[in-house]
Amino acid sequence: MQRMALQRLRSAGGLARSLFIYWRPGRQRGLQRLYQPFIQPGTVAFDIGAHLGDRSAAFHALGAKVVALEPQPDLAKWFKRLVKPPTITLLPMAAGPTDGFAEIAISPSNPTLATLATEWREQIGERNAGFSQVRWEQRLQVPVTTLDTLIDEYGEPSFIKIDVEGFEAEVLAGLSCPVAALSVEFLGGTLEVSHACVSHLSRLGEYRYNVVVGEQRHFRWAEWQTPQAVSEWLSAGAEGLPSGDLYACRSDHSLLLSSL
């Protein structure tokens with residue numbers, strides 16, 4: 001009983017930290033500025049690994065039809081409290097390379113941290129100091145869908161955000177057609193995941209790349225980079241950055257790229 005009470009207390013503390021990070025005043029304005037070039041009213045946007053719904057809220061505010069995936073029941077409850085619009089579709093699922101079921105590992109002390117990537121989970125604590133104290137103590141069996149399945153049901157998205165703690169390449173493996181733009185999280189120490197993402201996207205089409213560091217809301221580079229350039233940047237260690245998001249935009253969207 002005492003252990004369960006302590007775990008609930010740690011979980012509440014972790015949730016409070018996440019609420020402050022993702023829902024602090026002014027953050028929504030910055031997110032909407034960041035995503036506005038990608039999302040036009042009436043287009044579809046996917047939020048894969050929706051967590052507490054801050055990105056879904058920004059997509060909705062820009063007029064998107066949002067499809068959000070969040071397999072953790074506790075976070076899904078908070079998503080519904082924080083993100084009110086009934087036009088957002090929240091699915092209690094994960095995304096992966098095939099439809100089915102999988103085990104997700106959750107850190108109760110950091111409830112926004114959950115992953116289906118077993119090998120990544122076993123290594124990340126040694127490779128990235130920010131994860132050195134993370135303990136993946138909870139397991140759940142969750143349904144898994146693919147990006148292709150979501151596209152078949154909800155339409156082609158103008159933007160996909162993917163933040164799934166080391167499972168990004170597996171999520172992209174479930175995508176067989178190019179989309180206009182997307183982002184995948186990257187983490188120092190496991191940049192091979194980002195390399196795999198770039199490789200898969202290169203098989204689908206021609207993309208250009210940019211980076212947002214950590215929880216900043218602006219692009220790091222003035223010019224969008226080629227696959228070769230971003231691969232070289234990753235191979236050199238991504239400037240030692242602990243985390244961020246790698247953005248990909250199809251190179252044939254020249255007007256979009258010029259506006260970013």
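**Exercise 1.** In which loop is the place of Glu239? Determine also its exposure and its phi angle.

*Solution.* The structure is a predicted model.
Step 1: Glu239 is placed in the loop between helix 9 (227–235) and strand 11 (243–250).
Step 2: The relative accessibility of Glu239 is 46%. Partly exposed residues lie between the limits of 20% and 50%, so Glu239 counts as partly exposed.
Step 3: Phi of Glu239 is positive, about 60 degrees, although Glu239 is not a glycine. In general, most residues other than glycine have a negative phi.

**Exercise 2.** Where is the place of Glu165, and is Glu165 buried or exposed?

*Solution.*
Step 1: The loop between strand 8 (157–162) and helix 7 (168–173) holds Glu165.
Step 2: Glu165 has a relative accessible area of 4%. Buried means under 20%, so Glu165 is buried.
Step 3: Glu165 also has a positive phi, near 50 degrees, in a residue other than glycine.

**Exercise 3.** Describe the protein chain as a whole, beginning with its helices and strands.

*Solution.*
Step 1: The protein chain contains 10 helices and 11 strands.
Step 2: Its radius of gyration is 17 Å, close to the 18 Å that the globule rule gives for 260 residues; therefore the chain is as compact as a globular protein of that length.
Step 3: Along the principal axes, the C-alpha atoms fill a box of roughly 60 × 45 × 40 Å.
Step 4: Of the 260 residues, 52% are buried.
Step 5: Consider the contacts between residues at least 6 apart in sequence: 67% of these join residues at least 24 apart.
Step 6: The accessible surface comes to about 12000 Å², and carbon and sulfur atoms account for 54% of this area.
Step 7: The chain carries 24 positive and 27 negative side chains, and 10 Å separates the centres of the two sets.

**Exercise 4.** Which residues touch the most other members of the largest nonpolar core?

*Solution.*
Step 1: The general background is that nonpolar side chains tend to be buried together in soluble globular proteins.
Step 2: The largest nonpolar core has 56 residues, and those touching the most other members are Phe46, Ile48, Leu147, Ile162, Leu172 and Trp233.
Step 3: Helix 8 (residues 192–204) gives the most to this core, contributing 5 residues.
Step 4: A second, separate core has 26 residues, including Ala45, Ala57, Val66 and Phe219.
Step 5: Phe46 may be examined further. With neighbours within four places in sequence left aside, its contacts include Phe59, Val67, Leu147, Leu150, Ile151 and Tyr154.

**Exercise 5.** How far apart are the C-alpha atoms of Cys177 and Gly205, and those of Ala16 and Ile39?

*Solution.*
Step 1: Cys177 lies in the loop between helix 7 and strand 9 (181–187). Its C-alpha atom is separated by 8.3 Å from that of Gly205, which stands 28 residues away along the chain.
Step 2: Apart from neighbours within four places in sequence, Cys177 is in contact with Asp148, Ile151 and Leu204. Cys177 is partly exposed, with a relative accessible area of 27%.
Step 3: Ala16 has its place in helix 1 (residues 2–23). Ala16 and Ile39 are 23 residues apart along the chain, and their C-alpha atoms are separated by 30 Å.
Step 4: The relative accessible area of Ala16 is 43%, and this residue is partly exposed.

Definitions and conventions: Residues numbered from 1 in each chain as written. Predicted model: local features only at pLDDT ≥ 70, side-chain atom pairs only at ≥ 80, totals over all residues. Heavy atoms only, no water. Helix = DSSP H or I, 4+ residues; strand = E, 2+ residues; numbered from the N terminus. Rg over C-alpha atoms; globule rule 2.2 N^0.38 Å. Buried < 20%, exposed > 50% of the residue type's maximum accessible area, 1.4 Å probe, protein only. Contact = heavy atoms within 4.5 Å. Areas by Shrake-Rupley, 256 points an atom, 1.4 Å probe, with all protein chains shown as cover. Lys, Arg positive; Asp, Glu negative; His and termini not counted. Charge placed at Lys NZ, Arg CZ, Asp CG, Glu CD. Core = buried A, V, L, I, M, F, W, Y, C linked by side-chain atoms within 4.5 Å.
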